[in-house]
Protein chains: 2
Amino acid sequence: MKLPIVVSDDSKEPIYYQIELQIKTLIVSGQLQAGTALPSIRALSHDLSCSVITTRRAYQDLENNGFIETVQGKGTFIKALESNAQMQIREEVVYSTFKKAIEESKLMGYSLKQLREISDKVFDDLAKGENQE
Amino acid sequence: MKLPIVVSDDSKEPIYYQIELQIKTLIVSGQLQAGTALPSIRALSHDLSCSVITTRRAYQDLENNGFIETVQGKGTFIKALESNAQMQIREEVVYSTFKKAIEESKLMGYSLKQLREISDKVFDDLAKGENQE
DNA sequence: TATACTGTATATAATGATATGAACACTATA
DNA sequence: TATAGTGTTCATATCATTATATACAGTATA
């Protein structure tokens, strides 16, 4: 299976991270079903003209977040999204992402109430953008 | 004026960033009033046992965020928080901090609605923590 | 104007993140 | 069991960030 992935050397985001985000998106949008085998790290690195280490790093990060599963000698496979343990890992990641954003913003001189207003505005703006599509 | 600042070499946060956050906190909490002169970059670097470049970097970042003002030959001074231009810069920084957090979290497979719930939970938890103090 | 303070700029070292190739270990199967 | 496919580990190179010392430039004042 050949993945519709494109990476850019010019991007400020590291290559392994670009790969991660695109595979995540494919899984979350349902284009990659549970059980599907991903291309081998060698095949993918060949397609993207990067090192095996780079694709490996991307796969490893995705595994740590519960999106995929690697089995030595066999390959790498999409994991089912339903597993409670994985959903919990993911929710914890999101929770601490928000927590960090809020705590850092508090240092800019805003109260929690003010920050909530700004946060609501961002959500509203993003929702507006989604509806327009 | 001697600032109540402590930096740790063991921290994973860079020293210049530790200095930034602590000065920000002092300003935002009202312990450093507008017009107050900060210690010179040399005096501060001596107190913290770090290089002049490091304190300079912290001051420069704070200036870019509108918290302080430096005048060559004279020194560095706390800026008034009321200026509209500075408040706007600061709000933009907070806005994009949140936006980035939300967009990255969306890639974890959550809808905006779900993310809003998680975000609300974080705000509630933080508010609870503040009230307990 | 000499001096002793300010901040500024340049060149450089040290560290950590990113990316690499080559050798290693496991699995399936001809 | 030989081979060709998987993932894994190790040593290393490259690059950006962090941190440094030193020389430079502006300001106040004795």
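Mentor: Buried area is the accessible area, taken with a 1.4 Å probe, that two parts lose on being put together, summed over both. The structure is a predicted model, in which local features need pLDDT of at least 70, side-chain atom pairs count only at pLDDT 80 or more, and totals for chains, interfaces and linings use all residues. Residues are numbered from 1 along each chain as its sequence is written, chains are lettered from A and ligands numbered from 1 in the order in which they are written, and side-chain values use heavy atoms, with hydrogens and water left out.

Trainee: What area do chain B and chain A bury between them?

Mentor: About 4000 Å² is buried between chain B and chain A, and 70% of this area lies on carbon and sulfur atoms. By contact (heavy atoms within 4.5 Å), 40 residues of chain B meet 40 residues of chain A.

Trainee: Why is the pair Lys106(A) and Glu130(B) called a salt bridge?

Mentor: The term requires a side-chain nitrogen of Lys or Arg within 4 Å of a carboxyl oxygen of Asp or Glu. The closest N and O atoms of Lys106(A) and Glu130(B) are 2.7 Å apart, so the pair qualifies. The count between the two chains is three salt bridges.

Trainee: Which elements of chain B give two or more residues to the side that touches chain A?

Mentor: They are helices H1 (15–28), H4 (84–106) and H5 (112–132) of chain B, where a helix is a DSSP run of H or I with at least four residues and a strand is a run of E with at least two, numbered from the N terminus. H4(B) gives the most, with 15 residues.

Trainee: What makes the approach of Arg42(A) to DNA strand D a polar contact?

Mentor: A polar contact is a pair of N or O atoms within 3.5 Å; within protein, one must be able to donate a hydrogen and the other to accept it, and residues adjacent in sequence count only if both atoms are side-chain atoms. A polar side-chain atom of Arg42(A) lies 2.5 Å from a base oxygen of DNA strand D, and therefore meets the limit. Gly73(A) also qualifies, because one of its backbone N or O atoms is 3.2 Å from a base oxygen of that strand.

Trainee: Where on DNA strand D is the polar backbone atom of Ile15(B) directed, to within 2.9 Å?

Mentor: The partner is a phosphate oxygen of DNA strand D. Of the strand's atoms within 4 Å of the protein, 61% belong to sugar or phosphate and the rest to bases.

Definitions and conventions:
Near = heavy atom within 4 Å.
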